[in-house]
Amino acid sequence: MLHLKFIRENQALLVDRLKLKNFDATKLVSEIIQLDDQRKQTQNMQDNKQAEVNKLSREIGNLFKSGQQAEANKAKADSSRLKEEIKTFNSKMQEISSSMESLLIQIPNIPHESVPPGKGEQDNIEVYREGDMPELGKEALPHWDLGKKYDILDFELGNKLTGAGFPVFKGKGAKLQRALIQFFLDEAIKAGYNEIIPPLMVNEDSGFGTGQLPDKEGQMYYIPSENYYLIPTSEVPITNMYRDVILGTKDLPVKNTAYTPCFRREAGSYGKDVRGLNRVHQFDKVEIVQIVHPDKSYDCLDEMVNYVEQLLQKLELPFRIMRLCGGDISFTSALTFDFEVYSAAQQKWLEVSSVSNFEDFQANRLKLRFREESGKKNRVAHTLNGSALALPRIVAALLENNQTPKGIQIPPYWFLIPDSNSLIKQKDLPRVYQGIQQLHRF
RNA sequence: GGAGAGGUGACCGAGUGGUUGAAGGUGCACGCCUGGAAAGCGUGUGUACUGCGUGAAACAGUAUUGAGGGUUCGAAUCCCUCUCUCUCCGCCA
């Protein structure tokens with residue numbers, strides 16, 4: 001959420017910039033300002049009354065000490081009267097602040113100036129593309145058929161056990177999943193991220209802290225008996241670790257990574273884009289999260305984009321980077337880059353990562369601050385996160401793009417070889433994909 | 001699930017009705033000292049909001065000792081509800 005002070009001081013800018021997100025904030029902003037004026041006025045009156053009461057109370061204490069009973073009792077009566085008046089102000093203040101809260105959380109984050117205008121996906125701007133599109137020929141199968149053919153991926157079994165969107169990975173399919181998780185985590189750790197294993201359920205406060213609540217309540221699975229939510233991404237627990245925390249300057253940047261399953265109801269999304277692994281209710285993801293000094297958050301965003309880029313290079317998947325337009329960027333984000341890999345058998349781009357700078361939008365809600373080195377002022381930090389990476393569509397593209405008449409042959413050099421229990425060292429391997437070195441035939 | 005004990009500042013920790021926003025310590029910042037550091041010494045050090053300021057500082061006010069409510073002229077201190085943590089017992093992967 002945006003800070004009230006910021007809204008007050010930047011009304012015109014705010015309304016103007018939010019147009020990019022196709023959000024008309026005019027009415028909301030003027031309501032907020034009005035309400036805030038009321039709040040100030042009311043608080044001022046309440047404070048003055050309260051100051052009188054406090055003063056009186058001190059006097060009463062002194063009167064009792066010096067044995068002046070009569071005066072003390074008179075002052076008591078005055079004080080009681082004032083207290084009644086204060087009650088009125090008090091309830092008004094409560095009313096105002098709850099209205100204020102509900103207005104404030106309706107305002108989305110301000111998009112960065114580089115965010116292009118647009119209504120939706122189709123208006124996102126491709127900023128970079130790399131890799132060759134594989135030519136697979138006519139017999140090429142989409143991953144859901146490959147999964148069945150090699151018995152590594154079973155959607156029907158998932159239906160039986162749970163329901164649609166809960167795939168079962170079997171045999172080498174499961175092993176591939178595990179290997180990718182390990183690979184992504186190891187890479188993140190090499191890049192300086194600290195590995196975390198968080199809870200998979202979070203409470204309401206956490207959901208609110210990162211902005212999933214109340215905005216996306218319907219997208220999360222909810223456990224009524226405990227009032228817990230299944231995490232839609234590890235961003236939620238990993239960022240909320242720092243809720244109500246004041247960091248030291250030297251603690252920054254905080255770099256954390258986590259692998260978790262993610263649970264999403266994906267309510268309302270049906271149709272052809274949801275086949276197979278393209279959209280599921282439970283999936284695995286390695287997430288990277290940073291908490292940084294506000295002056296450095298855009299450098300940090302670049303760093304994270306570069307990081308994700310080299311992951312995809314290592315996987316030898318053709319990919320492109322999209323700068324999300326105002327209409328497609330999330331409520332909480334100021335600037336987002338999406339990564340999409342090309343799935344040759346489906347002949348389409350699949351989103352596999354989303355890297356965002358939230359600036360202070362999340363941190364405001366979280367009350368996540370740090371102590372500035374010079375001067376003693378606390379400042380709100382900036383938060384960023386990115387998927388590095390989400391597994392299902394990566395798996396889909398790996399299976400599809402690497403299918404051959406002899407089987408699926410995935411370039412192995414990033415791969416944990418479970419049998420030898422070691423990682424093949426990256427430096428021993430060619431930078432550019434020059435052919436399959438070792439077959440992993442399913 | 002049963003019983004008990006607790007929750008005080010960035011951290012530890014005193015405080016059981018009247019200048020207590022809170023002793024003491026640690027940490028942190030600055031200064032002195034040092035060739036440099038450590039140690040030592042000194043000073044400072046919560047947050048949010050309101051008023052007054054163009055702004056900041058300073059000053060004044062209010063709130064804040066897990067959350068919410070109550071008693072009282074006055075609550076960190078007494079009462080109630082909730083919540084969390086710890087200990088013991090039970091159950092258990």
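**Close-up views of a predicted protein–RNA model**

**View 1. Polar side chains at RNA strand B.** A polar side-chain atom of asparagine 54 lies 3.1 Å from a phosphate oxygen of RNA strand B. Helix H3 (26-65) and helix H4 (69-104) are the elements that give two or more residues to the surface near this strand. Helices are DSSP runs (H or I, at least four residues), as strands are (E, at least two), numbered from the N terminus. Aspartate 47 places a polar side-chain atom 3.1 Å from a sugar or linking oxygen of RNA strand B. For serine 79, the distance to a sugar or linking oxygen is 2.6 Å. The model is predicted: local features need pLDDT of at least 70, side-chain atom pairs count only at pLDDT 80 or more, and totals for chains, interfaces and linings use all residues. Residues are numbered from 1 along each chain, chains are lettered from A and ligands numbered from 1 as written, and side-chain values use heavy atoms, without hydrogens and water.

**View 2. The surface near RNA strand B.** 20 residues surround the strand (near: a heavy atom within 4 Å). The closest are Arg39, Gln43, Ser57, Ser79 and Lys83. H3 gives the largest share, 11 residues. Of the RNA atoms within 4 Å of the protein, 77% belong to sugar or phosphate.

**View 3. Glutamine 212 in its loop.** Glutamine 212 sits between helix H8 (204-209) and strand S6 (222-223). Its relative accessible area is 8%, so glutamine 212 is buried (under 20%, 1.4 Å probe, protein chains only). Residues in contact (heavy atoms within 4.5 Å) include Gly207, Met220 and Val236, not counting residues up to four places away in sequence.

Conventions. Buried < 20%, exposed > 50% of the residue type's maximum accessible area, 1.4 Å probe, protein only. Polar contact = N/O pair within 3.5 Å; in protein donor to acceptor, adjacent residues only side chain to side chain.
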